[in-house]
Every structure is written in structure tokens, then in C-alpha cells.
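Here is a short report on charged side chains and cysteines. It deals with salt bridges, a surface patch and disulfides.

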Amino acid sequence: MNKKLDPGLRSKLRTKQAAGAAAAAVPKTRSRAKSEQVGVIVAFTGNVADLTAVGFVQRTLVRHPRKSYSVATGTIAFDRLDDLAAIPHVTTVEGPHRMHRELNFSLKEIRATAVHTGPLSRTGKGVVVGIIDSGIDWRHGSFVDANGKSRILAIWDHMLPFQAGDTRGPNNIGVVYDQDQITQALKGRARVRTKDVDASNNREGHGTHVAGIAAGNGRPPTCCHVSQTYVGVAPEAELLVVRYDYTDDEEIGENQRLIEAIDFIFSFLGSIDKPKVINISQGDNLGPHDGTSAVELAIDAHVETGDFLHHPQIVVKSAGNEGGMLRHVQGRVPGNGNLEVEFEMPKGRRSDALLDLWYDRASTLNLTVTAPTGAVSAVVNHGTDLPPNAAAPPFIANPAAAANRQTRVSIDGTINGEHDRNNNFRITIARSRRGNIIHGPWKLTLANPNATPVDFHCWIERGTNTPWFLPPKTPDDGKVRASLDATLSIPGTASQVITVANHASRTSRCDCWPSTGIVSSSSRGPVARGAATNQKPDIAAPGLEITSAKADVANLRGRCCDCCPDACCCLYEDMTGTSMAAPHVAGAIALLLEENPRLTRADIVRHLQATARDRPAGGWDATWGAGKLNIQTAINAVRAAAAGGGGGGGGGGGIPRIYPPSGLDESFQREQRASTFTGNAAPLTSWLRTLRERLKDYPEGEHVAAAISRHFSEARRLINSNRRIATMWHRAAGPALLRRLIHGTRATDGPLPIDKESASRYLARCLDLLARQGSPRLRQSLDQYHFFVSMLLTESFTSPIETRTMSQP
């Protein structure tokens with residue numbers, strides 16, 4: 001089975017294949033099994049049309065602007081997974097992984113209060129904060145401005161079923177409500193069904209709380225506190241919210257949906273002119289923890305695309321709360337030696353338990369699993385007992401039990417994986433059809449057949465009632481015990497994510513923490529591989545007992561505290577976790593982007609880290625990152641860089657915002673009187689004939705000309721009707737470039753109003769938007785000829801003055 005499929009997909013595919021073989025005599029059953037679809041994330045370096053040719057149905061697509069890869073989400077039938085993985089330029093195919101959440105006074109701690117006041121105050125105005133979480137209580141006054149208008153630009157609720165009058169979400173998933181609908185619902189003139197509640201309709205509140213920290217305005221008073229007591233970090237930023245699909249108290253959506261949510265926020269048409277920062281307060285333990293998971297590659301591509309276009313797209317991620325969960329071990333297996341790794345299975349575990357073991361790529365390890373019953377698996381060896389990138393036969397941990405109560409253990413292996421990943425064993429301890437997984441002590445035995453020691457990491461998947469490794473013990477007894485190091489949750493190990501640790505606040509009213517130190521539950525770095533160039537976490541922020549907006553306040557009953565006569569006053573509540581630390585940083589970045597909307601991700605990290613308080617020795621460590629967030633000093637650093645012409649994101653002092661309030665350049669407004677696409681009202685047939693003649697001189701020119709002819713009307717319609725696409729087209733000087741492509745550069749032409757590098761950036765964004773908004777056939781053509789078209793249009797910057805006689809339309 002192809003190593004490009006992740007171990008979870010390989011396991012599910014084998015199960016489906018076995019079920020299909022058993023039901024081969026029942027035609028209806030066989031047909032139904034073949035048609036079953038699975039959501040996947042595909043990383044690839046070629047044409048997306050090759051993926052669709054084997055049955056992949058694309059949902060989203062992101063291309064890295066400098067590297068040669070793309071990442072797409074979508075669905076495919078189980079029986080076509082091998083065909084998908086067999087495409088030469090496909091590098092990885094990942095199946096669905098569940099993400100898990102990572103759960104007044106803190107503003108003073110990060111020095112945000114001083115930034116909110118004074119003649120140079122910054123409150124996040126003109127910046128969009130994206131929240132991907134359990135939802136938001138849109139009725140809470142912290143998300144409504146003084147005029148009664150919602151500050152939420154849109155909510156995409158993955159979980160809501162479509163009803164008549166609703167707007168379907170992207171790819172027909174869930175429902176989208178825009179700002180006008182939410183505002184009208186606040187006034188009782190419309191119906192908005194989305195809530196911050198769990199799948200059982202119980203009050204959730206995680207997303208509301210996170211949004212309140214990042215961007216709540218704190219306007220609603222309580223009987224205990226005046227208005228604007230519990231103010232968020234960026235109280236005038238606008239919000240875009242995705243209510244992420246989740247099924248229980250711990251799980252909160254899948255990795256595929258996370259990519260689609262990120263794409264929705266960064267692509268939202270109503271905020272094209274504004275820099276954006278997304279907060280992600282959930283994560284996963286399965287994966288290499290080196291920044292190469294498919295989700296992390298997609299995030300890197302989005303962030304670097306924003307940098308490439310000078311259109312900031314920043315992603316902030318909580319480090320995780322794995323510090324004290326005993327779900328990670330690391331160690332070294334001596335040359336020609338063995339090492340035992342013990343873990344405890346709790347009572348009452350009714351769902352599969354997964355362990356993910358990664359070891360040095362150039363090495364070999366043999367694996368044996370021992371169950372609490374004393375049953376021992378066969379020795380599993382990559383390349384002999386376990387063929388490369390395949391699965392060992394299932395091992396029955398309790399063979400004396402009835403068949404429907406047996407616990408099966410399967411081991412998937414991957415060696416020499418893509419992206420130079422380490423080798424991997426995925427151990428799945430499956431629940432029986434009836435009853436629980438066998439509880440008690442389990443053991444992994446790692447044997448090294450070679451003389452060179454082998455380093456390894458092993459993580460246990462997160463969730464409720466999970467297994468755990470042996471707790472740390474002093475003095476050292478020689479056993480492999482849980483490690484705090486390398487406990488960051490994915491996608492917090494992505495190179496372009498800003499990862500946030502959790503520290504206690506000096507001004508917190510909680511007396512349960514002795515100092516302002518790191519909170520014990522906060523996950524630690526470093527990343528498992530490549531730590532020298534990918535240092536995580538980046539920064540630390542308050543996350544202990546943070547007071548913020550409380551969800552579903554309209555339905556609360558009873559009294560929440562002695563000083564409040566009824567529940568109506570209880571509009572805020574305390575929560576703890578890196579989930580609360582991350583939105584402090586997301587809000588702080590919104591303030592920096594208000595100060596200078598040209599800042600790149602590297603600019604932001606540099607300013608945050610250089611100005612952090614209580615910096616560790618050497619400027620960074622795996623617990624604190626660069627130290628405690630200090631937004632006041634960071635803002636001052638951005639101002640100083642701009643005044644001095646230094647690296648503050650675009651250089652020189654007093655650089656104006658590059659996104660005009662109208663969202664359109666003056667040239668675009670002027671050319672609206674003619675065709676937006678060409679800037680000329682000449683008949684399109686004449687343009688096309690001339691263009692086809694011009695392209696004959698180029699390799700593949702006839703094919704490109706045919707594609708342009710086929711899609712010209714659709715592209716023109718999209719540019720003329722879609723404000724966002726039109727903005728990018730005109731910022732790239734598209735009409736002038738197109739005219740020069742068709743007619744050549746003539747002596748009467750003046751200089752182009754833009755440099756080649758900027759034109760290339762805007763054209764890349766324009767063509768990407770056309771692919772997203774256009775028909776499948778347009779998307780396929782753009783995927784194939786994207787770079788060729790961009791090269792043709794920008795050749796005017798280097799071509800000599802055209803001497804050929806060209807027909808004029």
C-alpha cells in the first residue's frame with residue numbers, strides 16, 4: 001500500500017477492502033462500499049487536473065508562492081485512494097484527524113491598556129480577526145458597536161443544516177450569515193440560528209471566550225463592573241468566525257475542515273482591503289511534529305502568499321495544554337540494545353487508542369507490543385516482518401476473550417517518507433465490538449539491531465480518558481518516562497505559524513498560582529526535527545484564569561455570584577489554557593497591523609520577540625519562546641522602524657496604507673467607464689483574433705490561445721462583477737499589460753505604473769481568485785497555464801519596443 005497515504009488512511013482502506021471482500025456476493029453492498037467517500041488533504045507539485053482525473057473532488061486549493069507545492073482539500077472514494085497516491089507528483093495524502101480544544105487583568109500584563117489610549121492609540125481598527133472555534137454568541141454586546149451594528153463580518157457555521165432562506169456555505173457545507181443579517185437579527189428583524197453550543201445543544205462558550213479576548217469591546221456592564229472592564233486586546237477589529245464541526249466535549253473539527261476554514265477567512269470578499277490574523281486554539285497529537293503535516297504545509301502557503309502580496313495573512317496557534325498530560329515520551333535506544341516504553345490504559349476506554357512513534361530516518365527499530373494479559377505480539381521489523389509502508393497482521397491482546405470482546409492491535413509503518421520525515425510506527429489499539437479496551441499496563445519494546453543509537457519520540461492521541469506514559473520520577477530510575485519537551489500540538493509546529501505558550505499573570509485575581517511563571521499545562525517545544533531553524537513556541541502570553549465574554553447569556557438562569565441579583569449580570573466568565581493565551585497574541589498582532597498594514601509575518605515575530613519582557617537566556621527557549629508579550633513596546637518598535645526607514649515592513653517612514661478605503665485604486669475607478677477587463681470598449685472578437693496571432697510565436701501558444709478564447713467571456717464577467725478580482729487585476733495594471741501583450745510595446749506608450757515584481761504578485765493573486773471563483777473548466781485551465789499566462793502578461797517589462805505591425809482593434 002502506498003506510503004503517501006497516512007497510516008490512518010491505510011488502516012481504514014484495509015478495513016474497507018476486507019469488508020468489501022467479505023460482502024462480494026452481495027452486489028448492493030459492494031456498490032455502496034465503493035461509493036463511500038473520505039475527506040482528504042493532498043499535497044502535490046503538479047497539475048490538480050491529474051487529481052480530479054482519478055475521482056478527487058476538490059474543495060479548496062492553496063499554492064505556495066515560492067516553493068513548488070500545492071495543497072488541496074476534497075473528497076475521493078475509498079477504492080480510488082491508491083490511484084490518487086500513485087500519481088507521481090502527489091507527495092502526501094492525509095485523512096481526517098480530529099482536533100481538540102486548548103482551553104480585564106491580562107491587558108495590563110501585556111501592556112495593551114496603554115496602547116488603547118492616547119493620541120496614537122491603536123485598537124485594531126481596519127484589521128480583521130478570524131476565529132476558528134466552537135462558534136460565537138453573536139448576541140453578546142462585546143461584539144456589537146455603539147450604533148447597534150454587529151462587528152462580525154460573517155459566520156460560517158459548519159454544523160447547521162441548510163433551511164429555506166439560508167445561504168449555503170462553501171462546498172455546500174453548513175450555512176453562512178453575513179454582517180447585515182446578524183445586525184438585523186440583533187434588532188429582531190431577521191433570524192440567525194448559529195450558536196456557541198455543542199452537538200447536544202449545551203452551552204459551549206469556548207469560541208465566544210476566545211473571540212472576547214482577541215477583540216471583545218467589553219461594552220456590556222455587569223452589576224459588579226462598569227462598562228469596558230473586560231475589554232479585548234483589539235476592541236475595534238472586525239471579526240470573521242467559523243464554527244468548526246465537532247462532536248463531543250473534547251473534539252473540535254477535523255484537519256481538512258480547518259484548512260477550508262482558513263481559506264474562507266483569507267478569501268472573504270467583504271474584507272479584501274484589510275490585513276487579517278486568524279486565531280486557532282485547537283490541535284492534534286498525531287503527526288511528525290516537524291512542521292510537515294498537510295495542514296501545516298497549507299498554512300505556510302497561505303501565510304507566505306500574504307507576505308508575497310504585501311497582504312498580511314497571519315496565523316496564531318495555541319501551543320497546547322499537553323505539559324502535564326503524560327502523553328509524550330522521548331529517548332534513545334542504544335546500539336544493539338533494547339528499551340521498554342510502558343504506558344497505562346485507563347478503565348472504561350471505549351474508543352480506539354492511538355500511539356504515534358517516530359524515529360531517526362536513517363535507522364532501524366524492531367517493535368514488540370505486550371498487553372496487560374501477558375500476550376505478546378510478534379516482532380515487527382520494517383522491511384522484513386513489516387514490508388515498507390505496510391501493516392503488520394493484527395495482534396489479539398486478549399485471545400481467550402469472546403470474539404466480540406477481543407482487543408485488536410494493528411501496527412502501520414512508514415519508512416523514508418516524504419519531506420525527509422523520520423520513520424514511523426502507528427500503533428492502533430482498537431475497541432472491541434462490545435466492552436472496553438483492556439485496561440492496565442501495556443508495554444512497547446524497541447530493539448535496535450545496529451550499532452548506532454536511535455533517537456525516538458512517541459505521542460498518544462488526545463481526547464478523553466486517554467492512556468498515559470509513566471510520570472516523571474526523581475531520582476531517575478532508568479525507565480522511559482513522560483517528557484514535557486516536544487509536546488506542542490499540531491499545527492503549532494508549522495514554520496509560519498506564531499505559536500503561543502501560556503503564563504500566569506501577575507495581576508490575576510487567582511491566588512492558585514504562586515508566581516508569574518509558565519503554567520505547568522502549557523506545551524513545550526522544541527519541534528521534533530529541524531529545531532535549529534524552526535524555534536517553537538514563539539512567544540508567551542497570559543492564559544490562566546482569563547475573564548472574557550460568556551456564551552448564551554440570553555438563556556442563563558439563576559445567580560452566578562453573590563454580588564449579582566440575577567443571571568443577566570453574568571456576561572463574563574473565567575477560562576484557563578493556551579486557548580486563552582493565543583488570542584492575546586492574535587489581538588496584539590491586529591494592533592501592530594493597524595499601525596503598519598504592510599508588516600510580514602517575519603516582521604511581526606521579530607518585533608514581538610525583540611520587545612518581549614523577561615526574555616530567557618539566549619533570547620529564546622523551548623518553554624517561553626522569546627518571553628512575555630509586551631505589545632506597547634512592540635508598537636513603539638514598529639513606529640521607530642518606520643521613522644528610521646528600517647525593517648518595519650516595507651521600509652521608510654510614514655508609508656501610507658496600501659489598501660485604500662474604497663478598496664479600489666484611482667486608476668480602477670477611472671477605468672470603470674470602459675471595460676474593466678481591457679480598459680477599452682473595442683469588440684472582443686478583434687481582441688481575441690489579435691491575441692491568438694500574437695501567441696503563435698510561443699511554445700504551447702496555440703493551446704494557451706485556445707484556452708483564453710474558451711474562457712475569455714467568463715474571466716471578463718468575473719473581473720467586471722467581482723470587486724476583489726477587479727482590485728487585483730487593476731493593481732497589477734492588467735489592462736495596460738494586456739494591451740501591450742496584444743499590440744506590443746510601442747514608442748507612444750508611457751511607462752507602466754507598477755514594477756514587475758509587484759505586477760507579478762497581484763497577477764498571481766488575481767489568477768488564483770479567478771480559479772477559485774470560476775467554473776471547474778476555468779479552474780482546470782488556470783491550474784495548467786497559470787504561470788505561463790503570468791509570464792506572458794509581465795513580459796512587457798523586459799521586451800524591447802515592438803516593431804511588428806499589429807492590427808488594431
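The text below takes salt bridges, then the patch, then the cysteines.

## Salt bridges

The model is predicted. It holds 32 salt bridges. Three of these pairs are set out here, with their N to O distances.

| Acidic residue | Basic residue | Distance, N to O |
|---|---|---|
| Asp-412 | Arg-14 | 2.6 Å |
| Asp-166 | Arg-193 | 2.5 Å |
| Asp-768 | Arg-765 | 4.0 Å |

Take the pair of Asp-166 and Arg-193, whose side chains meet at 2.5 Å. Asp-166 sits in the loop between strand S7 (152-157) and strand S8 (167-168). Arg-193 sits in the loop between helix H7 (179-186) and helix H8 (206-215). The bridge therefore ties together parts that are 27 residues apart in sequence. Both Asp-166 and Arg-193 are buried.

Asp-412 and Arg-14 also meet through their side chains, at 2.6 Å. Are the two partners buried or partly exposed? Asp-412 is buried, with a relative accessible area of 0%. Arg-14 is partly exposed, at 24% relative accessibility. The cut-off for buried is under 20% relative accessible area, so Arg-14 at 24% does not count as buried.

Arg-765 and Asp-768 give a local case. Both belong to helix H19 (residues 756-773). They are three residues apart there, so about one helical turn separates them. Their closest N and O atoms are 4.0 Å apart. Both residues are buried.

This helical pair is part of a network of salt bridges. Which residues does the network link? Its members are Arg-63, Asp-263, Arg-765, Asp-768, Arg-772 and Asp-783.

## A positive surface patch

Arg-350, Arg-405, Arg-431 and Arg-434 form a positive surface patch. Where does Arg-405 lie? Arg-405 is in the loop between strand S20 (395-396) and strand S21 (408-414). Its relative accessible area is 39%, which makes Arg-405 partly exposed. Patch members need over 30% relative accessible area, so Arg-405 at 39% passes that cut-off.

## Cysteines

A disulfide is a covalent bond between the sulfur atoms of two cysteines. How many disulfides are there? The count comes to zero, with a pair requiring sulfur atoms within 2.5 Å.

Two cysteines can be placed by their accessibility. Cys-458 is buried, with a relative accessible area of 0%. Cys-766 is buried too, with a relative accessible area of 1%.

Key: Residues numbered from 1 in each chain as written. Predicted model: local features only at pLDDT ≥ 70, side-chain atom pairs only at ≥ 80, totals over all residues. Heavy atoms only, no water. Patch = residues over 30% accessible without salt bridge, like charges linked within 9 Å, V, L, I, M, F, W, Y side chains within 5 Å. Areas by Shrake-Rupley, 256 points an atom, 1.4 Å probe, with all protein chains shown as cover. Lys, Arg positive; Asp, Glu negative; His and termini not counted. Charge placed at Lys NZ, Arg CZ, Asp CG, Glu CD. Helix = DSSP H or I, 4+ residues; strand = E, 2+ residues; numbered from the N terminus. Buried < 20%, exposed > 50% of the residue type's maximum accessible area, 1.4 Å probe, protein only.
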